[in-house]
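Let's look at how the two domains of one protein chain meet. Have the sequence and the 3D view ready as you read.

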Amino acid sequence: MKNIIFNGSMVDKSTVHIDIEDRGYQFGDGIYEVIRIYNGKLFTADEHLERLIKSATAIEINIPYSIKEIKNLLIKLINENNVTMGIVYIQVSRGVSPRKHSFTTIHTAPVFIAYTSELKIPKDSLSCGVSAITIEDIRWLRCDIKSLNLLPNVLAKQKAVAENCFEAIQYRDDTVTEGSSSNVWIVKEGVIKTHPANNFILNGITRQVILSICKELGIKTIEEKFTTDELLNADEVFLTGTTTEVMPIIVINNHKISTGIPGPVTKNIQSLFTLKIESICGPIN
Ligand SMILES: *Cc1c(COP(=O)(O)O)cnc(C)c1O
């Protein structure tokens with residue numbers, strides 16, 4: 001896609017060069033967001049941009065644009081690139097300075113970029129369900145920051161893909177935390193559970209949307225820790241995320257979840273989520 005946002009302006013992608021001493025490039029020193037585009041419209045942009053600011057603040061990066069300014073830039077970009085179904089990726093690095101771990105004495109401007117790509121709704125996987133593996137969570141203790149430091153997530157996902165699976169579900173000690181880029185939910189005897197939003201997980205916007213839809217409709221959900229045993233013996237398991245949407249998990253570690261097909265609670269949440277998208281972006285099917 002031809003146009004990108006670079007430090008507050010829309011420019012041709014070919015004119016942008018990232019410095020070799022950009023701290024995002026050298027240290028993973030920065031943060032990011034992915035926002036879904038349906039029918040050319042941003043879905044839950046404010047929530048994502050609020051989290052972008054929150055992540056930046058947590059690592060002492062000061063983004064020099066307001067949420068409104070960023071949103072206007074993104075809308076302009078989507079229109080100019082003619083995106084209908086896709087994503088916008090936003091990244092803010094601490095900026096460019098001579099390589100040195102500390103940043104306290106530097107006064108560099110953060111480097112802000114955003115670009116779009118096309119992405120279809122993964123209809124087949126959403127209707128049939130996908131497989132996952134479990135893997136030890138070896139990440140740091142600030143998983144609530146959407147940081148560019150994704151090495152453990154990258155290695156976890158790579159292991160899943162090497163085993164023909166969609167996602168790696170991480171556990172710390174015996175507690176299931178989240179996927180490499182998605183939140184994890186279980187259903188047991190009608191009770192819907194997901195890990196509490198603390199420093200051990202990234203509090204997904206999709207997760208928050210599902211929690212609020214359920215609350216509105218009186219569907220009981222609990223934000224509570226659960227074990228890998230509970231995961232494997234659940235009636236239903238699903239993942240949530242911006243590109244993952246509400247994804248049924250039907251097999252984990254080659255072991256079927258219940259009868260190995262997407263369950264009724266998952267399917268109900270999928271259709272409620274679709275209704276939510278359509279209420280903001282219009283019909284998607
Ligand atoms: C982005 C992300 C999610 C999902 O968050 P959404 O806002 O729903 O896309 C979950 N876990 C991790 C580790 C993530 O990076």
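## Polar contacts between the domains

A polar contact is a pair of N or O atoms within 3.5 Å; within protein, one must be able to donate a hydrogen and the other to accept it, and residues adjacent in sequence count only if both atoms are side-chain atoms. Between domain 1 and domain 2, 7 residue pairs are in polar contact, with both residues at pLDDT 80 or more.

This is a predicted model, where local features need pLDDT of at least 70, side-chain atom pairs count only at pLDDT 80 or more, and totals for chains, interfaces and linings use all residues. Residues are numbered from 1 along each chain as its sequence is written, and side-chain values use heavy atoms, leaving out hydrogens and water.

## Where the domains lie

An automatic or database assignment sets the domain bounds: domain 1 covers 3-118 and domain 2 covers 123-281. Their centres, taken over C-alpha atoms, are 26 Å apart.

## How they meet

How many residues of domain 1 are in contact with domain 2? There are 26, and they touch 20 residues of domain 2 (contact means heavy atoms within 4.5 Å).

The two domains bury about 1900 Å² between them, with 66% of it on carbon and sulfur atoms. Buried area is the accessible area (1.4 Å probe) that two parts lose on being put together, summed over both. On the domain 1 side, Tyr32, Phe43 and Arg51 lose the most area to domain 2, together 34% of what that side buries.
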